[in-house]
Amino acid sequence: HYEEADVNRLRQLHTQLQNNVARTTACPETIKLQALDVERSTLGQYIITSVRNSLSLPLAEKAAAATALYTVLKPYVGFYNQPAPQKTATIEGMLIDLNQESMQTYITALGLGNYIESLTLKNAQYKVTLEQRTAARNANKTVDSATLRQEMDALYKYITTVAFAHNVLTPSDEIDAYILTINAILSEANASYNQ
């Protein structure tokens with residue numbers, strides 16, 4: 001006596017609920033992000049360390065270039081310990097400072113141009129991959145189990161109430177068998193839960 005549409009909806013919700021069991025939220029982009037993060041941290045550290053080590057060079061031209069660059073890079077020391085979003089923004093700031101026209105002579109003097117280009121590339125790749133992962137996660141978003149259960153419980157209650165009411169008003173062997181089956185299923189579930 002209940003609507004077929006209600007039972008179909010209950011089945012649909014049950015299928016969605018089953019899909020939520022032990023569902024992985026891991027994204028393939030995460031492994032690539034971790035590798036890119038290590039590469040950009042290593043490159044950034046290398047640039048800062050090279051400039052710091054060049055401060056004490058006996059060649060006046062290189063020492064002067066290192067002094068000028070280290071003044072710009074000093075606020076970025078330890079950037080690699082920051083959380084990923086902050087690290088991305090910090091690296092972007094470092095690259096903006098290093099790409100100023102006034103810094104180019106110093107960068108050339110210390111031979112850091114290729115490293116700065118690589119850091120720019122790795123940071124850009126990191127940002128693109130992060131956006132891809134965010135889009136993939138958003139596309140794979142599912143309804144949480146609690147919301148599914150709430151609708152399923154309401155449908156279950158309605159369907160069983162309709163069956164019970166029809167059994168009271170118009171008793172039949174078919175409805176009796178249905179109610180006995182539902183009660184047996186509930187007893188099994190309760191016994192499993194209690195064990």
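Is the crossing of α2 and α4 left-handed or right-handed? Keep that in mind as you load the model, which is a predicted one.

**Stop 1: α2 and α4**

Select helix α2, residues 28-54, and helix α4, residues 84-98. Their axes come within 12 Å and cross at roughly 40°. Angles under 35 degrees would count as roughly parallel. At roughly 40°, α2 is therefore oblique to α4. The crossing of α2 and α4 is left-handed.

Now show side chains. On α2, pick D37, R40, S41, I47 and I48. On α4, pick A84, K87, T88, I91, M94 and L98. These two sets meet. Colour the contact of α2 with α4 by class: six residues are nonpolar, two polar and three charged.

**Stop 2: α2 and α3**

Keep α2 and add helix α3, residues 60-73. The axes of α2 and α3 come within 8 Å and cross at roughly 135°. Roughly antiparallel would need an angle over 145 degrees. So α2 is oblique to α3. The crossing of α2 with α3 is left-handed.

Select I47, I48, V51, R52 and S54 on α2. Then select K62, A63, A66, L69, Y70 and L73 on α3. Together they make the contact. Its classes are eight nonpolar, one polar and two charged residues.

Pause on I47 and I48 of α2. Both are in the set that meets α4, and both belong to the contact with α3.

**Stop 3: the largest pocket**

Turn to the open space. The largest pocket has a volume of about 580 Å³. It is lined by 15 residues. Centre the view on L10, M152, Y156, I182 and I185, the lining residues closest to the pocket's centre. Then show α1 (4-20), α7 (145-169) and α8 (173-194) as cartoons; these elements each give two or more residues to the lining. Colour the lining of the largest pocket by class: eleven residues are nonpolar, one is polar and three are charged.

**Stop 4: the second largest pocket**

Which residues lie nearest the centre of the second largest pocket? Select R23, T24, T25, R137 and N140. This pocket has a volume of about 250 Å³, and 13 residues line it. Bring back α2 and add α6 (113-139): each supplies at least two residues of this lining. The lining of the second largest pocket divides into four nonpolar, five polar and four charged residues.

The tour ends on α2, which meets α4, contacts α3 and helps line the second largest pocket.

Technical notes. Residues are numbered from 1 along each chain as its sequence is written. This is a predicted model: local features need pLDDT of at least 70, side-chain atom pairs count only at pLDDT 80 or more; totals for chains, interfaces and linings use all residues. Side-chain values use heavy atoms; hydrogens and water are left out. Axes are lines fitted to C-alpha atoms, for helices over the stretch in contact, and angles run from 0 to 180 degrees between N-to-C directions. Helices (H or I, at least four residues) and strands (E, at least two) are DSSP runs, numbered from the N terminus. Angles under 35 degrees count as roughly parallel, over 145 as roughly antiparallel, 65 to 115 as roughly perpendicular and the rest as oblique. A crossing is left-handed if the near helix is turned anticlockwise from the far one by less than a right angle, and right-handed if clockwise. Contact means heavy atoms within 4.5 Å. Ala, Val, Leu, Ile, Met, Phe, Trp, Tyr, Cys and Pro count as nonpolar, Asp, Glu, Lys and Arg as charged, and the others, Gly among them, as polar. On a 1 Å grid over the protein atoms alone, a cavity is a set of points where a 1.4 Å probe fits but cannot get out, and a pocket is an open set with protein on both sides within 12 Å along at least five of seven lines; lining residues have an atom within 4 Å of a point. Grid points are joined across faces, edges and corners, and a volume is the space filled by probe spheres set on the points.
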